[in-house]
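Thanks for making time this morning. I would like to walk you through one chain, going from its surface to its interior and then to the parts I would read with caution.

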Amino acid sequence: MKRVVKRAAAIIMVTVLSIGMMAASAGAAASKTGMQAKVIDGQVYVNTKDLVNMFGGSGQYDSKSGTYTYKGSSAIPKVIEKVSPSVVGIIGQSTEGMDGTDNDRYNLAHGTGVIIRSNGWIVTNAHVIDGLINPVVVTTDGNTYNITESFSDPLSDLALIKINAKSLKPATFAKASQAVVGETVIAIGTPISFSLRNSATVGVISGLNRGVEASYRLIQTDTAINPGNSGGPLVNLKGEVVGINSMKFSAVGIESMGFSIPIDTVNYVVNQYFKYGTIKRASLGLQLEESWSAIVGLPAEDPLTVTEVLSPEAKKAKIKEGDAIYSVAGKRVSSVVDINELLKAYLPGQKVKLLVQTEGDIVTRTLVLADRADLLGEADDSFLADEEE
């Protein structure tokens, strides 16, 4: 009896829904996913543990009835319940469309934020708070707060705001690079109308390391992200924030293409701000041009071409216009986003080695990194972001 129960608990029958699909083909397909599949009397059987690992969730096997009750979605309500108290709505009067007066009480804009510290610190998108007049924060318990401090970093599209509140519930943030393609995720936010605060949508992570209209890599997801979701969390089934929702592609024929700022970029900005009161961004001090392959998104290892030498440090390193940059600090680079990601680990004044092709020769140059904010004589990062775009 013991062996029968063990064997029965190890397999579950899967109904093949595709019309005309042969059972043997279905078994082969299941095997390709890494699941242990068997075909018995024309039916496909797979290991229950593999099935649960593949789709997430949990389940329970009843040896008497020979049935397995799958609870793949049971985690989602619990995650929403856990994370929602850490999500806030942000609303204020918008400067867009103003006719020179500020008395239009219906000219509003709103977004979402995530509590990161119990004493009132919240992370959101820079584009949520930039341009808002008299913004207020609304927590899940219905309390409203004025913003007492704020810091905006348009280059990363992240912002930090502070409200005068205590004993708030901070969200739990995942460790960097834990997200995987195909993982179930939940977006919580304030879509379309401020009355829809703490709405939740569910999807999967569609891709990682996307370089799309941003200075840093983004997470792609098919989770519904609508206007107002900006600044809200993208959460895994452990209840951990893996990203901050930032933008989506929206046009006729385009569906379910949202993007979130990965947690490692969020940590980079948050840690820099609390340590320095600003973002100390290192720069190569070079204006660079990407190859055609990199621009259109083809796999490429083409170098970047120097079009202008901007910093005294770069000139001192004997880097010239027309040189080709192959690697920075021993890492191959083929796009500006590659360099931006790499330089998150450095501060202005530190040194890196560049592998450079100059006048037909491959040489190594040692470069002292410049301060991005000082480079163009402009401390406002929004100017620098526009310069790059």
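In which helix does Trp-292 lie? Trp-292 belongs to helix H7, residues 292-296, where helices (H or I, at least four residues) and strands (E, at least two) are DSSP runs numbered from the N terminus. This is a predicted model, in which local features need pLDDT of at least 70 and side-chain atom pairs count only at pLDDT 80 or more, while totals for chains, interfaces and linings use all residues. Residues are numbered from 1 along each chain as its sequence is written, and side-chain values use heavy atoms, with hydrogens and water left out.

Trp-292 is exposed, at a relative accessible area of 60%; exposed means over 50%, buried under 20%, and partly exposed in between, with a 1.4 Å probe and protein chains only.

Turning inward, the largest nonpolar core (buried Ala, Val, Leu, Ile, Met, Phe, Trp, Tyr and Cys joined through side-chain atoms within 4.5 Å) has 31 residues, of which Val-123, Leu-158, Leu-160, Ile-244 and Val-266 touch the most other members. Its largest share, six residues, comes from H6. Apart from this core lies another, of 22 residues, including Ala-282 and Leu-367.

As for confidence, the mean pLDDT (the predictor's confidence in each residue, from 0 to 100) is 79 for the chain, with 73% of residues reaching 70 or more. Over residues 1-27 pLDDT stays under 50, and the model has 35 contacts (heavy atoms within 4.5 Å) beyond four places in sequence for that stretch.
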